[in-house]
Amino acid sequence: MKPLYRFQLKSLSFEERAKDLVSHLTREEKIGMVTSRLDDVPRLGIRKTNFGVEIARGLVQRDNKRETTILPQPWGMAAMFDDALMEKLGDMAGDEVRISNQMEESPSSLVLFGPTVDMERDPRWGRNEEAYGEDPCLTGKMTVAYTKGLAGKDPKYLKSAPLLKHFYANNYENERQTTSANITPRLKHEYYLKAFEPAIREGGAVGLMTAYNRINGIEALNNPDVSEICKKKWGMIFAVSDGGDFAQNVSAHRTWANHAESIAGVLGVGADMMLDSRDIVDPAVREALNRGYLSEENLDKALTAMLQIRFMLGDFDPEENPYAHMDPSLLACSKHKQLAVRAAEESMILLENRGLLPLKDDGKCKLAVLGPLANKNYTCWYCGYAPHQISVTEGLREKLGENRVLMDECFDHIILKSRRTGKYVRTGENGELIADSPIERAEVFECCDWGFGSWTLRSLRTRKYVTEGGGLKKAPDGIKTNNTSAISIHPGMNCVSEEAFGWFVKELIKARNENGVLYLKSWQDRDIIADDSGHIVSASTPGDGLEKQFETEVLSSGKDRASKLAGEADYVIVCAGNHPLINAREEHDRPDICLPLKQSALLDAACHANENTLLYLITGYPFAIEKERRIAKAVLCSTHLGPGLGRVATNTIFGDNNPAGRTPTTWYRSVRDLPAMNDYDIMKNRTTYLYFDGDPLYPFGYGQSYTEFDYSNAETEKKVYKEDEKISASVTVENIGPCNGDEVVQLYVVPPKSVYPRPRKMLKAFQRVFVKKGQSVCVNLSFRASDLAFWCTDTECFVVEDGDYILQIGASSEDIRCKVTVHVIGTEITGRDAQKRRSAIDVDDYREVQFLTDRKDAKPYLEARDFRSFAVYKGLDLKGCDAFEALISSPAGHADLILADNNTGEMIGICRSAGTGSLTQFSPVYCKICPQDGLFDLRICFTVQTSLKFFRFYLNKSIIVS
């Protein structure tokens with residue numbers, strides 16, 4: 001049949017077809033295509049669909065109770081250091097996406113939200129579990145592999161369309177809707193963008209999701225880097241906002257007066273699609289077009305990008321699409337589950353082992369499995385559905401039998417007494433809590449303390465959790481009163497919930513003990529009180545009345561029970577870690593990195609009773625376990641692994657799986673090693689293994705094995721390389737230990753000393769290899785010499801500096817076994833050009849400043865808070881200069897810039913000027929300086945609130961052109 005429209009010609013490129021299709025849409029049809037819920041247009045053959053399904057741990061179809069294959073949390077998959085397996089996992093997950101998409105009932109989208117490639121610069125970040133570590137090389141290689149698998153191998157059509165999350169500098173959950181990240185040009189190009197680029201250029205990612213935060217004052221949603229870098233330079237096609245973020249330009253960031261002006265600032269610049277409701281977006285687009293804020297051209301750009309993705313997915317070519325008819329029996333099949341188990345096994349990290357592991361089963365040994373994660377395999381928000389999640393206890397009992405595995409979650413068993421009523425809390429027949437009971441009828445609760453005052457209370461009798469109202473899913477819309485509806489002013493606290501789970505975890509109780517008096521708050525920080533009738537409700541009440549005050553009595557101490565069971569067993573396994581929906585998760589960062597005090601005390605009790613104690617951390621982030629690792633005889637770590645957690649843990653503990661996982665992030669000894677949570681500058685703060693000068697608890701890339709490996713014969717193909725060549729190295733790895741095992745061979749590069757601050761070392765290649773006992777393998781590692789480039793702010797491009805580079809090969813970033821030095825012929829850099837107009841945010845150190853962007857010219861600037869503020873610029877070549885000029889703005893009457901030597905404090909000049917009456921009305925200022933020979937580290941000190949956009953030094957006066 002002859003095509004009716006040009007876009008139906010399969011000989012055209014997908015972009016050409018998408019552009020033609022857009023040309024046939026009416027304005028109203030276009031307006032309805034800016035959100036993720038897309039209506040059909042029958043006259044053009046456009047089917048109804050939606051964009052977006054989560055893919056972090058495989059396909060998520062939890063709401064439909066559709067079983068899919070569940071992978072370990074991404075932080076665990078990063079620990080595999082196995083990009084070959086990562087591609088197989090992506091291929092498997094892509095198959096399941098296609099199969100689910102074929103189903104008539106609730107078909108899955110083919111557009112994927114993920115993987116998450118945010119750089120994990122701080123272990124307190126609430127979403128640490130979702131990403132791939134702190135290193136852009138590791139993250140890049142793992143996500144290239146995963147997205148390749150997800151996209152499929154067909155040269156024309158996509159199996160699925162991965163969108164990387166969240167672009168970019170997105171590591172601060174507590175204020176993510178309003179915060180702005182200070183990002184220098186070097187941090188942007190060398191670190192934060194480096195994580196995103198590989199999966200787009202080399203992998204299968206076709207787009208990205210923008211972040212909630214602002215970057216240098218510009219909302220990530222309408223960040224021009226999306227179009228200017230990701231699309232124009234990397235070849236990316238499409239971008240989508242994060243959920244509900246478009247509305248936040250007005251409601252949270254407050255940078256736009258209304259949605260119509262906001263959408264005009266987004267389309268054609270940042271995201272192409274808004275994950276907001278159509279009743280917000282459609283009127284905004286319509287008004288923006290009618291008022292001339294938004295051009296039809298920019299709207300068409302966004303729709304073309306969206307439709308190009310649909311063409312690539314084969315939406316318009318069902319007969320040619322090779323993925324249109326996948327075998328439905330593959331969904332959550334045994335082969336897929338075995339692959340997930342392999343990933344879980346490869347992700348296990350052995351942190352400590354003083355002769356305890358692997359355990360030997362003599363047929364009669366008895367184990368005590370203790371702790372809050374002993375008998376529950378918790379799921380996170382981005383986890384799919386499985387009918388059963390195997391706990392550590394279940395896994396061990398499958399192997400050893402029930403009688404040989406003792407178990408106690410070691411929660412304190414408590415009763416609560418209201419100071420207002422003087423009575424104890426019981427549960428009514430409908431689960432309501434009432435403080436009107438004698439002690440004999442008091443409800444006994446298991447008190448699980450997850451640290452930092454975060455509790456859950458579960459009835460020992462009914463096994464139900466206390467929740468506000470009836471739980472998120474069970475809460476009524478309103479209460480009928482005299483045949484009318486009414487809202488619940490003071491929701492009751494009821495013991496009716498099956499589990500602590502949900503976007504809003506209503507089972508979370510925030511507890512604070514002051515001098516024996518217990519104060520409780522609900523998940524939304526409402527006081528938990530005893531009302532006039534004695535019912536326990538949540539309410540917002542002033543003061544410190546008796547209604548807020550409770551007392552606890554511990555009927556059975558979890559710590560005491562742990563000590564008793566530990567004494568009865570041959571071996572003890574303390575299962576500690578995190579509940580993935582409490583303390584640290586999306587929208588919530590951790591306040592500290594220490595192990596919860598209750599868990600630490602539990603381990604202490606177990607170790608005192610039995611020296612053969614293993615600490616098994618099931619966690620989505622690192623802990624500072626300085627004391628705990630010394631008292632436990634072994635420490636094993638994994639993320640939340642999925643349904644097979646209990647079996648994988650058992651296989652590892654008993655040696656059927658030899659652990660070789662590696663830490664994808666630095667484990668710090670204390671939160672004191674870290675800056676403020678909203679400070680993204682890893683260079684200035686000397687954080688991540690790239691810059692950290694301290695002694696980490698566990699370095700990046702660390703992990704032990706049940707066997708030992710020897711490294712020898714490290715060499716490179718040659719000693720001198722050009723920057724367009726590939727550097728290849730080889731090393732012999734021999735298994736000199738008692739059993740077969742995997743080794744993760746890592747290659748780091750130490751750059752030459754430079755006037756530009758450079759990392760201590762940088763991961764550039766790695767390979768996971770299997771080596772039989774007594775045998776050796778030759779491992780080849782290679783990378784491009786151009787990968788050694790850094791962002792030169794003088795030339796505003798990547799530059800490979802000429803010099804000697806030390807290749808370090810070893811088992812972790814600090815366990816280096818071999819070194820080889822090569823010379824790379826590159827650009828010689830003697831200093832930073834002080835006569836070049838320098839952006840004020842091209843800064844090496846600073847205090848009390850924020851980076852913002854002038855919306856009149858899109859240029860960034862530095863805003864100093866007051867006299868406590870300073871900015872440091874290192875390695876400036878001031879030879880021949882005797883004057884200074886800058887572009888500043890200040891609302892003060894006068895503003896001085898004090899120019900000083902950052903090393904000695906000696907002043908070289910003071911730039912005095914009148915204020916401009918504004919923070920963004922920039923004006924040039926000048927001053928003479930004391931001439932300096934050689935390289936100079938400049939400190940600019942501010943006297944009042946001042947904005948600084950550019951500066952430079954010069955010999956003959958010339959004005960900066962703004």
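## Pairing in a parallel strand couple

Two strands pair if DSSP finds at least two bridges between them. With that in hand, let's start at strand β5, in what is a predicted model. Strand β5 covers residues 161–167, and 3 bridges join β5 to strand β7, residues 207–210. The two strands run parallel. Within this pair, leucine 163 stands opposite glycine 207 of β7.

How many of the residues of β5 are buried? The count is 7 of 7, so to speak a strand that is mostly covered.

## The chain as a whole

Now let's step back to the full chain. The chain holds 20 helices and 52 strands. Its radius of gyration is 30 Å, close to the 30 Å that the globule rule gives for 962 residues, so the chain is as compact as a globular protein of that length. Measured out along its principal axes, the C-alpha trace spans about 90 × 75 × 75 Å.Of the 962 residues in the chain, 62% are buried. Among contacts with a separation of 6 or more, 75% are between residues 24 or more positions apart. The chain exposes about 36900 Å², and carbon and sulfur atoms supply 47% of that area. As for charge, there are 120 positive and 135 negative charges, and their mean positions are 0 Å apart.

## A small open sheet

Next comes an open sheet of 3 strands, in the order β6-β8-β9, with mixed pairing. Strands β6 (180–181) and β9 (218–219) stand at the edges with a single partner strand each, so one side of each has no neighbour in the sheet.

Strand β8 takes in residues 214–215 and pairs with β9 in the antiparallel sense, over 2 bridges. If you would like a residue to look for, isoleucine 215 has isoleucine 218 in β9 as its bridge partner.

## A covered helix

Is helix α18 mostly covered or mostly uncovered? Helix α18 (residues 645–653) is mostly covered, with 7 of its 9 residues buried. Those buried residues are Leu645, Gly646, Val648, Ala649, Thr650, Thr652 and Ile653.

Both helices and strands contribute to the cover over these buried residues. The helices include α13 (334–347) and α14 (392–400), and the strands include β28 (571–577), β29 (613–618) and β30 (634–638). After α18 comes glycine 655, which has a positive phi, near 90°.

## An enclosed strand with two partners

Strand β34 (residues 741–750) makes a good final stop. All 10 of its 10 residues are buried, so β34 is largely enclosed by the rest of the structure. In a regular strand, side chains alternate between the two faces of the sheet. In β34, Gly741, Glu743, Val745, Leu747 and Val749 point one way, while Asp742, Val744, Gln746, Tyr748 and Val750 point the other way. The residues pointing each way are all buried, and they include Glu743 and Asp742.

Which strands pair with β34? One of them is β35 (residues 762–771), which pairs with β34 in the antiparallel sense over 9 bridges. Here aspartate 742 stands opposite phenylalanine 770 of β35. Another is β39 (residues 803–810), joined to β34 by 5 bridges and also running antiparallel to it. In that pairing, tyrosine 748 has glutamine 808 of β39 as its bridge partner.

Definitions and conventions: Residues numbered from 1 in each chain as written. Predicted model: local features only at pLDDT ≥ 70, side-chain atom pairs only at ≥ 80, totals over all residues. Heavy atoms only, no water. Helix = DSSP H or I, 4+ residues; strand = E, 2+ residues; numbered from the N terminus. Rg over C-alpha atoms; globule rule 2.2 N^0.38 Å. Buried < 20%, exposed > 50% of the residue type's maximum accessible area, 1.4 Å probe, protein only. Contact = heavy atoms within 4.5 Å. Areas by Shrake-Rupley, 256 points an atom, 1.4 Å probe, with all protein chains shown as cover. Lys, Arg positive; Asp, Glu negative; His and termini not counted. Charge placed at Lys NZ, Arg CZ, Asp CG, Glu CD.
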